[in-house]
Amino acid sequence: MSADSLQTVAIDLADRSYDILIGPGLLSDDRHFDGLPKAATAVIVTNETVAPLYAQRLKDRIASRYGQVRVIALKDGEAYKDWASLNLIFDDLLGAACDRKTVLFALGGGVVGDITGFAAACYMRGVPFVQVPTTLLAQVDSSVGGKTAINHPLGKNMVGAFYQPLRVLADLDTLDTLPDRELAAGLAEVIKYGPIADDAFLGWLEDNLDALWARDKAALAYAVKRSCEIKAWVVGQDERESGLRAILNFGHTFGHAIEAGLGYGEWLHGEGVGCGMVMAADLSVRLGLIDAAYADRLTRLIERAKLPVHGPALGADRYLELMRVDKKSEGGEIRFVVIDAPGRASVRPAPDEMVRAVLAAHSG
Ligand SMILES: NC(=O)c1ccc[n+]([C@@H]2O[C@H](COP(=O)([O-])OP(=O)(O)OC[C@H]3O[C@@H](n4cnc5c(N)ncnc54)[C@H](O)[C@@H]3O)[C@@H](O)[C@H]2O)c1
Ligand SMILES: O=C(O)C(=O)C[C@@H](O)[C@H](O)[C@H](O)COP(=O)(O)O
Ligand SMILES: [Zn+2]
């Protein structure tokens with residue numbers, strides 16, 4: 001795939017359908033903003049790290065469409081995906097008398113995207129918003145599909161809403177400034193799509209991981225596009241996770257427990273997911289669904305992506321306690337996304353003793 005070309009992936013959700021635009025230079029070209037609603041005010045929600053890098057560029061693109069463009073720069077970090085940050089957004093919108101046509105632009109990674117989407121869902125019972133993801137993780141996953149939320153000390157993403165953006169603008173050039181650790185975190189969500197939906201993509205990742213690490217634009221463009229296609233295919237069938245969509249949670253039952261158990265921010269979300277996929281793959285082996293060689297193959301790729309494959313020593317009881325709060329749990333029974341066969345996943349419970357064996361093998 002050419003590194004210079006613009007790619008479009010469509011999310012098909014009836015009257016909530018939208019396009020994901022993927023390519024370099026999107027934030028330097030007014031045309032990608034054509035068709036967005038005009039209003040008195042636009043608000044760019046970002047954070048203190050991303051604002052100095054890209055807020056002015058975005059402001060220049062949209063200034064002609066809005067009477068005023070405000071910028072809210074939140075504190076940076078998973079620990080700030082909380083009520084206090086959400087209230088700062090509401091305080092600013094109300095303080096500036098923003099009306100219900102105000103358009104919010106989420107400029108940043110998944111933290112900014114999730115909190116801005118939730119603010120958009122709530123403010124005056126819903127205002128339009130646009131996702132402008134600037135991390136690999138946000139471009140391949142969090143900006144797409146309409147899951148918005150903040151964290152609660154007792155559980156990850158526990159307060160939120162399904163609320164779709166008007167458009168996703170993934171400018172690949174923004175990845176130039178992304179720290180290596182954040183690139184690795186994004187690769188976790190990219191790798192996820194292989195075992196759950198596309199075994200050939202897993203093979204492509206094995207062949208192209210070095211190119212992705214070298215930030216080869218053509219390789220990044222393909223990884224972002226293929227990830228978005230798979231997510232669009234899943235979300236298009238099950239927007240509100242009544243079934244199929246839960247496969248996107250592969251690795252997350254263990255991963256979210258690690259994030260919450262350590263206090264948000266010590267491990268990145270993608271690091272929790274990377275390690276969580278190792279644990280969930282082992283669980284799939286123990287359930288007799290896949291052979292150990294496939295789990296080893298996945299673990300090797302996760303290691304090559306410079307992600308942790310061994311979890312922190314929270315203790316099995318604490319892991320189990322945290323995982324019971326997971327949104328897939330039913331009546332206190334934890335349900336895990338497991339691999340049924342290469343490229344195919346499902347959700348099912350597992351005996352506590354088996355989960356303890358997985359934790360003994362991969363944490364502590
Ligand atoms: N809604 C969903 O479907 C979904 C999917 C996956 C993850 N998530 C959520 O996304 C969050 C993780 O997102 P993330 O990994 O993007 O983390 P993040 O939003 O914290 O961003 C990672 C770091 O990179 C910085 N950054 C962002 N863009 C940059 C750039 N271009 N150059 C330099 N630095 C940049 C940020 O300031 C931050 O320090 C978690 O809260 C997770 O729960 C949501
Ligand atoms: O879009 C989805 O659906 C996902 O599960 C994508 C995940 O990568 C993401 O981390 C999501 O926020 C987790 O959802 P949650 O419902 O477990 O909070
Ligand atoms: Zn995730």
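Here are three short exercises on this protein, which is a predicted model.

**Exercise 1: Overall build**

Work out how many helices and strands there are, and whether the radius of gyration agrees or disagrees with that of a compact globule.

*Solution.* Start with the elements: the protein has 12 helices and 11 strands. Next, take the chain length, 364 residues, for which a compact globule would have a radius of gyration near 21 Å. The protein comes in at 20 Å, so the two agree. For the outline, the C-alpha trace spans about 60 × 45 × 35 Å along its principal axes. Finally, look inside: 49% of the 364 residues count as buried.

**Exercise 2: The listed binding site**

Find which residues UniProt lists under "binding site", and say whether they are gathered or scattered.

*Solution.* First, look up the record: an unreviewed UniProt entry lists E189, H252 and H269 for "binding site". They span 81 residues in sequence, but no two of their C-alpha atoms are more than 10.1 Å apart, so they gather at one spot.

**Exercise 3: E189 and H252 up close**

Decide whether E189 and H252 are buried or exposed, and name what each one touches.

*Solution.* Take E189, which sits in helix α5, residues 180-197. A residue is buried if 20 or more other C-beta atoms lie within 10 Å of its own. E189 has 27, so it's buried. Skipping residues up to four places away in sequence, E189 touches L137, V140, D141, G270 and V273.

Now for H252, in helix α8, residues 252-262. H252 has 26 C-beta neighbours inside 10 Å, so it counts as buried. Leaving out neighbours within four places in sequence, H252 is in contact with V273 and G276. V273 therefore turns up in the contacts of E189 and of H252.

Technical notes. Residues are numbered from 1 along each chain as its sequence is written. Chains are lettered from A and ligands numbered from 1 in the order in which they are written. This is a predicted model: local features need pLDDT of at least 70, side-chain atom pairs count only at pLDDT 80 or more; totals for chains, interfaces and linings use all residues. UniProt positions are given in the numbering used here, feature names are shortened, and annotations may be inferred rather than shown by experiment. Helices (H or I, at least four residues) and strands (E, at least two) are DSSP runs, numbered from the N terminus. A residue is buried if 20 or more other C-beta atoms lie within 10 Å of its own, exposed if 12 or fewer, and partly exposed in between; C-beta atoms are placed from the backbone. Two residues are in contact if their C-beta atoms, placed from the backbone, lie within 7 Å. The radius of gyration is taken over C-alpha atoms; the globule rule is 2.2 Å times the number of residues to the power 0.38.
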